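Biologist: I am new to this structure and would be grateful for a close look at its interior. Please begin with the enclosed spaces and then continue to the disulfides and the aromatic rings.

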Amino acid sequence: MASFLLPFLSFFLFAAVYLADSQSFIGVNYGQVADNLPPPSSTANLLRSTSIAKIRLYGADPLIIKALANTGIGIVIGVANGDIPALASNPNSAAQWINTNVNPYYPASNIVLVTVGNEVMSSMDQNLISQLVPAMQNVQNALNSANLGGKVKVSTVHSMAVLSQSDPPSSGRFNPVFEQTMKAVVEFLKEKKSPFAINPYPFFAYQSDPRPETLAFCLFQPNSGRVDSGSGIKYMNMFDAQLDAVRSALNALGDFKDVEIMVAETGWAYRGDSNEVGPSVENARAYNGNLIAHLRSMVGTPLMPGKSVDTYIFALYDENLKPGPTSERSFGLFRPDLTMTYDVGLSKNSQTPTTPTTPATPSPEPTAPAWCLPKAGIPDDQLQSNLDYACGHGIDCGPIQPGGACFEPNTVHSHAAYAMNLYYQSLGKNPWNCDFSQTAILTSTNPSYNACTYPGGST
C-alpha cells in the first residue's frame, strides 16, 4: 500500500456534520439588479425551505428585511460605496443610516453585519479609500449609541485583487498600495471582533488558466494537488488555497490571528457566451455542491483546520439587468419562479438532489442501495488520483492499508474502488460525490467480498 495513505482521523467526516447547526456556515447573496425577482415574502418562504442560514444584501431593502423577520435567518446589509463620504464626514449621517436601516427591524429581523462598501480598495479611488475607515468607525459608533454594539458587527468587503501575491498561498501579501489603509481596517476588525470579508472566485482563476487539471483543482474534484513551495503544504483545491493566501497576508500584516475570515462571495456561472471558458450547469453544480460538502465536513483549510468559515454563495437569483458577458447574469441557484436552476442539496426536504433538467447527472441516481465504483477501463494513474483525493479528504482508509480487511487484492483498482465508495457514502450520497471527473458510476450491486465490507445504503 502506498505511503500516502496515512490516517486522517482528525478529519473524519462524522454524520453529525449534516445536522442543522452545521448549516450556519452557509449563506447566499441576494443581488437585485433585475426586473423579474419574486416578491420578498416568496423569497423568505423559499429560504426557510432550505438549509441556507444567512443572506447578504448589497443594500438595505426594507421590504426584504421585513420579510425575513422572525425567520432566524442572519441578514447582512450593505452601505453603498456612494454613501461612504457622507458617513465618514458626518456622524449624524451614520446615526441616521442606522436609525433608518437597522433600528426599525432589529431584533425581529436578525441583522448580523453591516458591510461598509463593496470592493472599495479595488476601485483605486484614493479619495474613497481614505474615507473607508472613518465611515466604518462612525457606523460602529452609531450602533453603539443604539445599544447594538457587539450584536451587529461592522466590516467591509474586498476582492482578491487586494492581494499582490497569492500563489503559493504562503506568499500571500496585500498590495503595498493599500497597506496603510488595510492595516487600519484590520486593526478595526480585530478590536471589534468583526470578520475580514473577501470574495474568492476559483471560477475566475480557472478562466485565467483553463487547463483540465486547473478545472479539477477549482471544482474540488480529484487532482494531483499543488504543493506550496514555501510551506510544503499540499493543496487539493483552489478555494482552500485562496483562503490561506488571505490568511498568510493577514499574518504578514501583523498580529491578526484572531481576525476571522468570511467569504462574502463565491460562485460559478452555469451559462456563458461561446467565447467564455468555464460556465456550465455541470461545473456550477460541481463547484457549489462540493463547496457545500467541504464546508459541512468542518475540515477547514490547512492554515485554518477544524472549522468552516461563513461562506455566502453567489447568488440566490440571476440578475438579468447586469451588463457584461452572459455569465454575469447566470450565477443564480434559483429561478424567479422559485424552482432550482440546478440542485446542490440545499433543500431541507432531501439531502439527495433531484435530477436536474440539463445536463444529466454524471451517473444514474438509483433508488435502491447504491455503491460508487470506478467505471470500466479507467487507467491506473487516474484511479491513483481518485485514491489520493478520497483518502485526503477525511475518510478512514485504514481498511485498505496493510493488514486491513480490504487490503487484498493489493491493486490500485481495488483500493480506489473502496476509497471512492467510502467518500461517496460519507459526503451524503450526492450524485456529484460519485463523479471523480466522470470516472465513476453508481451501481446497485454490492461489491463487498470476504471480510471486506463496502459501506452502502439506500440513496
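**Cavities, disulfides and rings**

Modeller: A search of the whole structure, which is a predicted model, finds five cavities of 30 Å³ or more. The largest cavity has a volume of about 100 Å³. Eleven residues line the largest cavity, and those closest to its centre are A293, H294, H393, Y423 and L427. Helix α11, which covers residues 281–297, gives the most to this lining, with four residues. By character, the lining of the largest cavity consists of seven nonpolar residues, four polar residues and no charged ones.

The disulfides come next. In general, a disulfide is a covalent bond between the sulfur atoms of two cysteines. The structure holds three of them.

One disulfide joins C372 to C434, with an S to S distance of 2.2 Å. The torsion about its S-S bond is about 95 degrees, so this disulfide is right-handed. C372 lies in strand β15 (residues 369–374), while C434 lies in the loop between α13 (412–426) and β16 (440–443), so the pair ties together parts that are 62 residues apart in sequence. Both C372 and C434 are buried.

Another disulfide joins C391 to C397, with an S to S distance of 1.9 Å. Here the torsion about the S-S bond is about -95 degrees, so the disulfide of C391 and C397 is left-handed. C391 is buried, and C397 is buried as well.

C406 and C452 also form a disulfide, and their sulfur atoms are 1.9 Å apart. The torsion about the S-S bond of C406 and C452 is about 105 degrees, so this disulfide is right-handed. The pair links distant parts of the chain: C406 is in the loop between α12 (380–391) and α13, and C452 is in the loop between β16 and β17 (457–458), 46 residues apart. C406 counts as buried because its relative accessibility is 2%, and C452 is buried with a relative accessible area of 0%. When the bonded cysteines of the protein chain are numbered in sequence order, the pairing reads 1-5, 2-3, 4-6.

The aromatic rings complete the view. A pair of aromatic rings is described by the distance of the centres and the angle of the planes. The count comes to 17 aromatic pairs. Among them, Y201 and F331 form an edge-to-face pair, at 6.3 Å centre to centre and with 80 degrees between the planes. This pair links distant parts of the chain, with Y201 in the loop between β8 (196–199) and α8 (202–208) and F331 in the loop between β14 (311–313) and β15, 130 residues apart. Y201 and F331 are buried.

Y389 and F436 likewise form an aromatic pair that is edge-to-face, at 6.4 Å centre to centre and with 90 degrees between the planes. Y389 lies in helix α12 and F436 in the loop between α13 and β16, so the pair ties together parts that are 47 residues apart in sequence. Y389 is buried, with a relative accessible area of 2%, and F436 counts as buried at 3% relative accessibility.

Ring pairs also link a set of residues into a cluster, namely Y201, F203, F204, Y206, F220, F239, W268, Y287, F314 and F331. Finally, one ring has a charged partner: R226 lies over the face of F217, at 4.4 Å from the ring centre.

Methods. Residues are numbered from 1 along each chain as its sequence is written. This is a predicted model: local features need pLDDT of at least 70, side-chain atom pairs count only at pLDDT 80 or more; totals for chains, interfaces and linings use all residues. Side-chain values use heavy atoms; hydrogens and water are left out. On a 1 Å grid over the protein atoms alone, a cavity is a set of points where a 1.4 Å probe fits but cannot get out, and a pocket is an open set with protein on both sides within 12 Å along at least five of seven lines; lining residues have an atom within 4 Å of a point. Grid points are joined across faces, edges and corners, and a volume is the space filled by probe spheres set on the points. Helices (H or I, at least four residues) and strands (E, at least two) are DSSP runs, numbered from the N terminus. Ala, Val, Leu, Ile, Met, Phe, Trp, Tyr, Cys and Pro count as nonpolar, Asp, Glu, Lys and Arg as charged, and the others, Gly among them, as polar. A disulfide is a pair of cysteine sulfur atoms within 2.5 Å. Buried means under 20% relative accessible area, exposed over 50%, partly exposed in between (1.4 Å probe, protein chains only). Rings of Phe, Tyr and Trp (its six-membered ring) pair if their centres lie within 6.5 Å; planes under 30 degrees apart count as stacked, over 60 as edge-to-face and the rest as tilted. A charge sits over a ring if NZ of Lys or CZ of Arg is within 6 Å of the ring centre and within 35 degrees of the ring normal.
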